Amino acid sequence: MSIQDNAKQLPFGRRMLRALRSLVGLKNEPLPVEHVKLNRSQYKTIWNSVSVSEDNAKMAVSGYIDEDLYRQMGEGTRDMLQNYVGIGPNDVVLEIGAGVGRVGAALAPICKEWIGADVAENMLGHIRQRLAAFDNVRTVATSGFDLSAVPDASVDVVYSTVVFMHLEEWDRYSYIKEGFRILRPGGRMLVDNVDITSDLGWKFFEEHCAVPPFERPAQISKTSTPQELETYFQRAGYEAIEQVRAGLWIVTYGRKPAAPAQEAAAALEEAQAVG
């Protein structure tokens, strides 16, 4: 496992930091009492409550509603995924915490099928409306803790971006294990979170720390360390695990081991190419 420091340009930087700082917990106006009283693990209730309208949903997941910026950020995430795990025309791709389909709009044109999985049925409704022009888009409602509606070994790429900050640590690991289950042999998974070990990540942590304990909303953002995410990938069984540190973010990705027959075929192909 290696950590690349700012090795490739990620679609997240200070602009995204400003947007994230505008999310619940760091606004000047009082927080809705019902958001403070909810338990953090009540993901379905929390995210349905903040996503009734499309604009509300966009603000809840990103802190902005500008469509041009949404398109740019979606394309940036697409490019990041292409760089780190690869997206091919025959790939079935699933996003955990798909929101309103920001990334799906950029990926659907280049993959076989894009599946938007989200805990909030309201979010899935926005996806279906926003991505109605694509005939290779499908949505899946989750419990907030697993991907039980998705069959084993049915997906080529699983990713989750700007989502793990809202999850408890146990649920982060659960989704990484679930990603392993639904991936085909040789499939790839990528996740990210705010990196508490970076200067920007520490600033982010301190600003959230300043929110009075009894005023913290249930979905207030939490950070990760590189070691936390690496450990989840290792324990879940991934190989070829890599990490990229890029300012605010730590990105972690890995591969599900190929089946023995696939490994033998790949070795034969490589030998023939050398010969």
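Q: Why is helix H8 called oblique to helix H10 in this predicted model?
A: Start with the angle: the axes of H8 (residues 169–182) and H10 (residues 226–236) cross at roughly 40° and come within 9 Å. Angles under 35 degrees would count as roughly parallel, and 65 to 115 as roughly perpendicular. The value of roughly 40° fits neither range, so H8 is oblique to H10. The crossing of these two helices is right-handed.

Q: How do you know that H8 and H10 meet, and which residues are involved?
A: Contact means heavy atoms within 4.5 Å. On the H8 side, Glu-169, Arg-172, Tyr-173, Ile-176, Lys-177 and Phe-180 take part, and they meet Glu-228, Tyr-232, Phe-233, Arg-235 and Ala-236 of H10. Sorted by class, the residues of this contact are six nonpolar, five charged and no polar.

Q: What makes H4 and H7 roughly perpendicular to each other?
A: Here the axes of H4 and H7 (residues 121–130) cross at roughly 110° and come within 10 Å. Angles of 65 to 115 degrees count as roughly perpendicular, and roughly 110° falls in that range, so the name fits H4 and H7. H4 passes H7 in a left-handed crossing.

Q: Which residues bring H4 and H7 into contact?
A: From H4 come Glu-54, Ala-57, Lys-58 and Val-61, and they meet Met-123, His-126 and Arg-130 of H7. By class, this contact has three nonpolar, three charged and one polar residue.

Q: What makes a space inside the model a cavity, and how many are counted?
A: In a cavity, a 1.4 Å probe fits but cannot get out. With a lower limit of 30 Å³, the count comes to one cavity. The largest cavity has a volume of about 380 Å³.

Q: Which residues lie nearest the centre of the largest cavity, and which elements help to line it?
A: Gly-97, Ala-98, Gly-99, Asp-118 and Val-163 lie nearest the centre, among 27 lining residues. Helices H3 (43–49) and H4 (54–62), together with strands S2 (92–96) and S3 (113–118), each give two or more residues to the lining. By class, the lining has 17 nonpolar, seven polar and three charged residues.

Q: Why is the other kind of space called a pocket, and which residues line the largest one?
A: A pocket is an open set of points, whereas a probe in a cavity cannot get out. The largest pocket holds about 260 Å³ of space. Its lining includes Arg-40, Phe-204, His-208, Arg-216 and Thr-223. Glu-169 and Arg-172, which also belong to the contact of H8 with H10, are in the pocket lining too.

Q: Which helix gives the most to the lining of the largest pocket?
A: H9 does, with four residues. H8 and H9 (199–209) each supply at least two. By class, the pocket lining has five charged, four nonpolar and three polar residues.

Methods. Residues are numbered from 1 along each chain as its sequence is written. This is a predicted model: local features need pLDDT of at least 70, side-chain atom pairs count only at pLDDT 80 or more; totals for chains, interfaces and linings use all residues. Side-chain values use heavy atoms; hydrogens and water are left out. Axes are lines fitted to C-alpha atoms, for helices over the stretch in contact, and angles run from 0 to 180 degrees between N-to-C directions. Angles under 35 degrees count as roughly parallel, over 145 as roughly antiparallel, 65 to 115 as roughly perpendicular and the rest as oblique. A crossing is left-handed if the near helix is turned anticlockwise from the far one by less than a right angle, and right-handed if clockwise. Ala, Val, Leu, Ile, Met, Phe, Trp, Tyr, Cys and Pro count as nonpolar, Asp, Glu, Lys and Arg as charged, and the others, Gly among them, as polar. On a 1 Å grid over the protein atoms alone, a cavity is a set of points where a 1.4 Å probe fits but cannot get out, and a pocket is an open set with protein on both sides within 12 Å along at least five of seven lines; lining residues have an atom within 4 Å of a point. Grid points are joined across faces, edges and corners, and a volume is the space filled by probe spheres set on the points.
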